[in-house]
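Here are my notes on this one, jotted down as numbered points. Have the structure open while you read.

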Amino acid sequence: SFWCKAKETATEGKKQVLYEEGSSRRGLNMYLEQDNLLIGAWNTAGGSSGDDGTWLSTDGISSNQWHHVALVLEGDRQTDQSALRGYLDGEEFDAGKVSQLWRRAGGIGIGGVNGSTRFQDGLTANSSHGLAGTVDDLKVFNDTLNTDNIQTLANING
């Protein structure tokens, strides 16, 4: 989970990566495309669940406004219909089918791509697509958070 503020969301054709980890073969990311927030996870490499990816999407991201974003991944070896859940400003906006995030190469990128990542439209990116704005108060948890936990995090700095 984290807070983010984009200086400008109406950037035609530009994706602004908020967080990503892994690579274009296996990974997850959260990024803005205009006023839409997209959260994705994929495992395309052999020997894993072999899914091409699931992306959750919601609109309502405003320029120069703080938003709380959270991703919950509660996957296992097999894909599950609601293993990936996305939250914006404390409210769950969608859930999707994915498995666990399998062993992967690549680092973590905060506010940009560190290595490579994959987008919903099938394109991959290396070093471009950075956020024009701020990411703050990033937290990674080793336990699965529920909606009450996410709402508490979203209201801390509200």
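What percentage of the 158 residues in the protein chain is made up of buried residues? Keep in mind that this is a predicted model. The answer is 44%.

1. Overall layout. The protein chain has 12 strands and 1 helix. Going along the sequence, the order is β-β-β-β-β-β-β-β-β-β-β-β-α, with the helix after the strands. If you take contacts between residues at least 6 apart in sequence, 57% of them join residues at least 24 apart. The accessible surface comes to about 7,700 Å², and carbon and sulfur atoms account for 40% of that.

2. The main core. As a rule, nonpolar side chains in soluble globular proteins tend to be buried together. Here the largest nonpolar core holds 20 residues, and Leu 37, Ile 39 and Val 69 have the most contacts inside it. Two or more residues come from each of β1 (2–6), β2 (15–22), β3 (26–33), β4 (36–43), β6 (67–73) and β7. There is also a second, separate core of 8 residues, with Val 17, Tyr 31, Val 113 and Ala 125 among them.

3. Leu 37 up close. Click on Leu 37 and look past its neighbours within four places in sequence: its contacts include Leu 18, Tyr 31, Leu 32, Leu 56 and Ile 61. Val 69 is on that list too, along with Tyr 87, Leu 88 and Phe 93. Tyr 31, then, is in contact with Leu 37, and Tyr 31 is also one of the residues of the second core.

4. The edge-to-face pair. How many aromatic pairs does a search of the whole structure find? It finds 2. In one of them, the ring centres of Tyr 31 and Phe 119 are 4.7 Å apart and the planes meet at 70°, so this counts as edge-to-face. The two partners come from distant parts of the chain, 88 residues apart: Tyr 31 sits in strand β3, and Phe 119 in the loop between β10 (117–118) and β11 (124–125). Tyr 31 is buried at 1% relative accessible area, and Phe 119 is buried at 1% as well. Phe 119 has another partner to look at: Lys 15 lies over the face of its ring, 5.3 Å from the ring centre.

5. The stacked pair. Trp 42 and Trp 55 have ring centres 5.5 Å apart and planes at 10°, so this pair is stacked. Trp 42 belongs to strand β4 and Trp 55 to strand β5, so the pair ties together parts that are 13 residues apart in sequence. Both tryptophans are buried.

6. Strand β5, two residues. Gly 53 is in strand β5 (residues 51–58), and so is Thr 54. Buried or partly exposed, which is Gly 53? At 29% relative accessibility, Gly 53 is partly exposed. Thr 54, at 17%, counts as buried because the cut-off is under 20%. Leaving out residues up to four places away, Gly 53 touches Ala 41 and Trp 42. With its neighbours within four places set aside, Thr 54 is in contact with Ile 39, Gly 40, Ala 41, Leu 84, Gly 96 and Lys 97. The C-alpha atoms of Gly 53 and Val 98 are 7.2 Å apart, with their positions 45 residues apart along the chain.

7. Ser 82. This serine is in strand β7 (residues 80–88) and is partly exposed, at 38% relative accessible area. Beyond its neighbours within four places, Ser 82 is in contact with Ala 95 and Gly 96. Its C-alpha is 5.4 Å from that of Lys 97, which is 15 residues away in sequence.

8. A buried histidine. His 67 is in strand β6 and is buried, with a relative accessible area of 2%. What lies 3.1 Å from a polar atom of the His 67 side chain? It is the backbone nitrogen of Ser 62. Setting aside neighbours within four places, His 67 is in contact with Phe 2, Trp 3, Cys 4, Gly 60, Ile 61, Ser 62, Leu 88 and Asp 89.

Key: Residues numbered from 1 in each chain as written. Predicted model: local features only at pLDDT ≥ 70, side-chain atom pairs only at ≥ 80, totals over all residues. Heavy atoms only, no water. Helix = DSSP H or I, 4+ residues; strand = E, 2+ residues; numbered from the N terminus. Buried < 20%, exposed > 50% of the residue type's maximum accessible area, 1.4 Å probe, protein only. Contact = heavy atoms within 4.5 Å. Core = buried A, V, L, I, M, F, W, Y, C linked by side-chain atoms within 4.5 Å. Areas by Shrake-Rupley, 256 points an atom, 1.4 Å probe, with all protein chains shown as cover. Phe/Tyr/Trp six-rings, centres within 6.5 Å; stacked < 30°, edge-to-face > 60°. Lys NZ or Arg CZ within 6 Å of the ring centre and 35° of its normal. Polar contact = N/O pair within 3.5 Å; in protein donor to acceptor, adjacent residues only side chain to side chain.
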